[in-house]
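These are comments on the model, set out as numbered points for a reader who has the sequence and the coordinates open. They take up salt bridges, backbone geometry and the contact between the chains in turn.

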Amino acid sequence: MNFVVPDFFPAMAEIFVAAMVLTSMLSTTFARNLARNLAYVLAQFTLLVTTFITIFTLDKSIIHSFGGMFVHDLLGSILKLVVCFAMMIALLYGRGYLAERKLDRPEYYLLALLMLLGIMVMITANHLLVLYIGLEIMSLSLYALVAFDRDSMHSTEAGMKYFVLGALASGLLLYGMSMVYGATGALELSGIAQAVAGQTANKTVLLFGLVFLMAGISFKLGVVPFHMWVPDVYQGAPTPVALILSSAPKLAAFALALRLLVVGLPGLAEHWQTMLMLVAAASIVLGNLAALVQHNIKRMLAYSGISHMGFMLLGLLSGGVGKLDFTLAAYSGAMFYAIAYVLMTLAAFGMLMLLSRAGFDAGEIEDFKGLNRRSPWFAVLMLFVMFSMAGIPFFVGFFAKFAVLEAAIAAGHLWLAGLALVMSLIGAFYYLRVVKLMYFDEPLDKTPIIASTELQVMLSVNGVAIVVLGLMPGTLLSLCRAALLASSIPGG
Amino acid sequence: MTDIPDIPFLSLAIWIPILGGLLVLATGPDRNAWMARLVALLTAILGFAVTIPLYIYFDAAKVGMQFPEARSWIAYFNINYHIGIDGLSLWFVLLNSFITILVVIAGWQTVQNRVAQYMAAFLIMSGLMNGIFAALDGVLFYVFFEASLIPLYLIIGVWGGPNRVHAAIKFFLFTLAGSLAMLLALLYLHSVTDSFDILVWHRAPLSMVEQSLIFFAFLAAFGVKVPMWPVHTWLPDAHVEAPTGGSVVLAAIALKLGAYGFVRFSLPIAPDAAVAYAPIVIALSLIAVVYIGFVALAQADMKKLVAYSSISHMGFVTLGFFMLNPLGVEGALIQMISHGFVSAAMFLCIGVLYDRMHSRQIEDYGGVVNTMPKFAAFFMLFAMANCGLPATSGFVGEFTVILGAVQYNFWIGLLAATTLILGAAYTLWMYKRVVFGAVANEHVAKLTDIGAREFFFLAVLAACVLAMGLYPFPFADAMHTSVNELLRHVSAGKLH
């Protein structure tokens with residue numbers, strides 16, 4: 001067996017991030033007095049350069065490298081871009097909050113970069129083991145991040161909980177992968193797809209493996225029945241970490257589901273689609289019902305996130321009904337939903353960061369009382385976010401729901417679409433309650449809002465983007481469609 | 001009238017109030033309230049001014065949509081910014097833009113708190129509602145329909161009465177529940193026809209089962225909005241808690257959105273289902289007319305009384321539509337316009353009293369005529385119009401619908417005609433208790449009569465009510481062609 005030097009070029013972004021992780025680690029060790037700002041600047045610099053690398057290497061063709069373990073395609077690039085943007089915003093939002101609590105140690109940014117690396121590896125993986133390695137890099141960094149406030153009992157408890165359950169889920173996923181490998185003899189996704197299509201694989205083992213894969217994916221997406229960790233971890237983790245947790249990793253989980261199920265196991269589509277149907281329905285129902293009774297806004301956002309991921313799955317399970325057009329529409333609907341969700345959750349958690357200050361953590365829904373009195377501009381931005389999450393038009397959330405519901409109806413899942421609509425009506429109530437508190441009630445806390453200019457500007461841009469994308473969702477949707485068309489997603 | 005200037009009047013009617021509303025918001029805190037009021041008034045007047053050419057250049061003999069504008073909005077879903085009006089929608093665009101001016105004037109002094117936000121909410125709402133009446137694309141319609149909930153939710157919740165939160169949330173969720181059913185129907189229609197164009201849907205062949213499902217989905221959406229019995233319970237709450245301006249817009253325009261939906265969606269898209277299920281709608285409408293009439297009789301709160309009277313009058317509208325004869329449909333449309341004027345006037349009158357006494361309870365009043373003679377005269381006229389006295393606008397619509405109902409079935413006509421008695425009973429009884437008699441207490445004795453601003457908006461509405469009652473032909477003429485075309489389409493059906 002002769003050794004072939006792999007083509008490093010397609011993986012330039014990942015290699016750059018890995019190099020920057022090391023640079024950041026070394027430089028912050030040796031320049032301890034500068035470390036706080038240095039780590040932040042280095043992290044933002046890394047994200048910026050990674051964005052540029054990704055933009056310059058955008059390509060419609062599919063390039064495999066590292067012996068087929070790695071794939072560079074348009075889908076991966078677009079997802080990486082969104083992840084980079086989300087991380088930039090997340091780090092920016094969190095900075096002031098962390099500084100006020102003396103939590104802005106360089107390790108925070110280091111772990112965030114490491115998590116970014118894991119996500120990027122997941123997005124570009126074309127091989128079960130690479131996928132798993134990416135997942136573990138991401139998850140381990142996240143466990144540490146959740147427990148980052150090590151003097152806080154809540155934070156460490158959340159970290160522990162997340163670690164134990166996450167490790168279990170990773171184990172399940174790995175077990176599933178081993179079964180798929182056992183049945184098909186392949187680790188590469190295209191090889192698995194071929195083996196399944198060739199009917200040579202043992203169907204029983206394969207289905208058994210699929211169930212475990214599904215458990216792993218569900219855990220990472222945070223959907224029912226593997227959702228239990230979500231509210232506890234969101235509530236316990238420092239708010240900036242909850243923000244990170246609810247944004248970029250969701251895109252990674254979306255990529256994981258897309259690569260494993262759509263690329264790797266299209267032959268079992270009818271099975272995983274049925275499973276996803278149950279998972280989606282249960283998530284939408286439970287997420288919305290449980291969010292109704294929350295007092296803590298982080299828990300409310302966690303449950304609302306569960307239901308949003310359920311909605312996203314509506315798109316993912318509606319593909320493959322025969323026509324390429326339908327399939328593409330369904331998957332791009334799901335992708336659009338995931339991106340829209342990230343945008344909304346960033347803004348929602350950003351608001352918490354805005355309302356928090358030294359010695360005060362905005363965590364209760366009541367903390368939004370009378371926001372219109374304190375700052376009409378940020379109240380209206382939060383109103384955008386809430387109505388967008390509720391799926392009311394002129395906001396991006398409406399077209400996200402529209403896209404996935406249309407796909408579900410085109411695929412003939414009328415009952416599922418009906419159920420989703422009924423539950424989104426119930427969901428509207430708790431979003432309306434936040435608007436009610438902001439507009440109809442008098443403030444409990446009259447302190448003026450002090451936040452850094454960069455946070456205020458970015459939050460405004462984020463809020464306005466929710467409206468702009470709600471008015472003009474066409475471009476992003478077309479982009480999602482083009483990305484899926486150009487990647488190795490089999491249609492029909 | 002052949003040379004229509006090449007100006008997108010319809011788009012202007014939608015976007016001037018919305019952009020003007022944003023401008024008003026930009027005036028900021030209450031120390032700039034005068035600026036907010038001024039900008040709002042100018043915007044409202046300009047918004048109404050651009051709708052006048054719509055009437056001038058409207059060709060009443062022409063079948064189909066006029067002033068059409070179509071450009072691609074979201075090419076990905078094949079959603080178009082397609083707008084246009086016909087005889088069914090023309091008057092509502094005008095009515096809406098007109099009422100907006102009155103609402104701005106009515107809130108001129110009475111609203112002192114967050115003035116810019118108040119004015120902006122009404123202006124944006126007005127633009128969105130013009131969008132609803134003009135939209136010819138299903139998603140465009142839905143987007144305007146849903147988005148218009150947001151300003152009204154805030155209007156009720158921020159400037160409303162003591163129980164405003166409950167009323168605002170109830171209003172929002174009831175309406176949203178109905179419109180989600182409509183969204184399902186829209187998506188289904190798209191999956192069948194591959195288009196979101198309402199005019200394409202009008203022609204699309206649909207089986208009876210499909211038509212039935214679509215019909216009931218639309219019934220859910222529009223029935224809540226009208227509101228029809230038994231999903232009317234949100235309306236009295238919303239009316240009682242809303243500020244005067246909110247009640248005016250709600251009664252005069254927002255209720256018409258539901259009724260308009262029936263003629264734009266339900267009847268033409270599912271004509272065979274509409275014929276088949278007409279008896280259900282007629283039964284619900286009659287319950288609204290008769291039962292709600294009795295409920296109104298029992299009210300102790302003036303606003304609640306007028307709210308129930310609105311439900312009863314809107315029952316007349318849905319009754320007229322589902323007679324499916326020209327008299328019924330045209331009468332119902334005229335009733336909608338007339339109710340727009342009359343209910344607006346009734347709520348403004350109650351607002352005038354409430355501003356002075358801070359009470360809406362009938363028992364707190366008595367002998368108002370002694371202290372407010374000018375006001376009592378206007379109130380008398382509007383009360384008469386509300387019970388359908390000849391020579392007022394209320395008479396024209398009700399009489400035509402009753403004629404249509406008798407043509408359809410004598411007994412239904414008879415039941416519908418009870419409204420003339422019930423309407424007179426609850427309206428005039430309330431009027432008597434509030435206005436006539438001896439001065440009831442020292443608060444009433446201290447009342448001052450209406451000022452110039454109040455005189456102005458009541459006089460304008462009085463002129464409208466009388467003009468429409470004495471000479472309703474311009475209103476009816478613009479509708480003939482569209483109504484006949486609609487009924488021809490419905491009777492042709494889609495099952496061949």
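1. A pair in chain A makes a useful starting place: the side chains of D441(A) and K436(A) meet in a salt bridge, with 3.4 Å from N to O, and both D441(A) and K436(A) are buried. Please keep in mind while reading that this is a predicted model, and that the distances and angles quoted below are computed from it.

2. Two further pairs in chain A can be set beside that one. R101(A) forms a salt bridge with E100(A), where the closest N and O atoms are 3.5 Å apart; R101(A) counts as partly exposed because its relative accessibility is 21%, which is to be read against a limit of under 20% for buried residues, and E100(A) is likewise partly exposed, at 38%. K369(A) forms a salt bridge with E366(A), with 3.7 Å between the closest N and O atoms, and E366(A) has a relative accessible area of 40%, so that it is partly exposed.

3. Salt bridges in chain A also join into a network, which links E157(A), K161(A), D232(A) and R299(A). Over all chains the count by this rule comes to 15 salt bridges, whereas across the interface of chain B and chain A the rule finds 0.

4. Two cis peptide bonds deserve a look in the viewer. In chain A, the bond from V224(A) to P225(A) is cis, with omega near 5°, and P225(A) is found in the loop between α8 (203–221) and α9 (229–236) of that chain. In chain B, the bond from W229(B) to P230(B) is cis, with omega near 10°, and P230(B) lies in the loop between α10 (208–225) and α11 (234–241) of chain B.

5. Positive phi values in residues other than glycine should be checked as well. R114(B) has phi near 50° and is found in the loop between α4 (90–110) and α5 of chain B; R114(B) counts as buried because its relative accessibility is 11%, against a limit of under 20%. A391(B) has phi near 80° and lies in the loop between α17 (373–386) and α18 (393–408) of chain B; with a relative accessible area of 34%, A391(B) is partly exposed.

6. Turning to the interface, the area buried between chain B and chain A is about 3400 Å², of which carbon and sulfur atoms give 80%. In chain B, the residues that lose the most area to chain A are Y76(B), F77(B) and L187(B), which together account for 19% of what that side buries. The contact draws 36 residues from chain B and 38 residues from chain A, and the count of residue pairs in polar contact between the two chains, both residues at pLDDT 80 or more, is 7.

7. As to which elements of chain B touch chain A, at least two residues each are supplied by β1 (66–74), α5 (115–134), α6 (138–147), α7 (149–159) and α8 (164–193) of chain B. The largest share of that side, 15 residues, comes from α8(B). By class, the side of chain B that touches chain A has 28 nonpolar, 5 polar and 3 charged residues, to be read together with the 80% of the buried area that carbon and sulfur atoms give and the 0 salt bridges found across the interface.

How values were computed: Residues are numbered from 1 along each chain as its sequence is written. Chains are lettered from A and ligands numbered from 1 in the order in which they are written. This is a predicted model: local features need pLDDT of at least 70, side-chain atom pairs count only at pLDDT 80 or more; totals for chains, interfaces and linings use all residues. Side-chain values use heavy atoms; hydrogens and water are left out. Contact means heavy atoms within 4.5 Å. Buried area is the accessible area (1.4 Å probe) that two parts lose on being put together, summed over both. A salt bridge is a side-chain nitrogen of Lys or Arg within 4 Å of a carboxyl oxygen of Asp or Glu. A polar contact is a pair of N or O atoms within 3.5 Å; within protein, one must be able to donate a hydrogen and the other to accept it, and residues adjacent in sequence count only if both atoms are side-chain atoms. Helices (H or I, at least four residues) and strands (E, at least two) are DSSP runs, numbered from the N terminus. Ala, Val, Leu, Ile, Met, Phe, Trp, Tyr, Cys and Pro count as nonpolar, Asp, Glu, Lys and Arg as charged, and the others, Gly among them, as polar. Buried means under 20% relative accessible area, exposed over 50%, partly exposed in between (1.4 Å probe, protein chains only).
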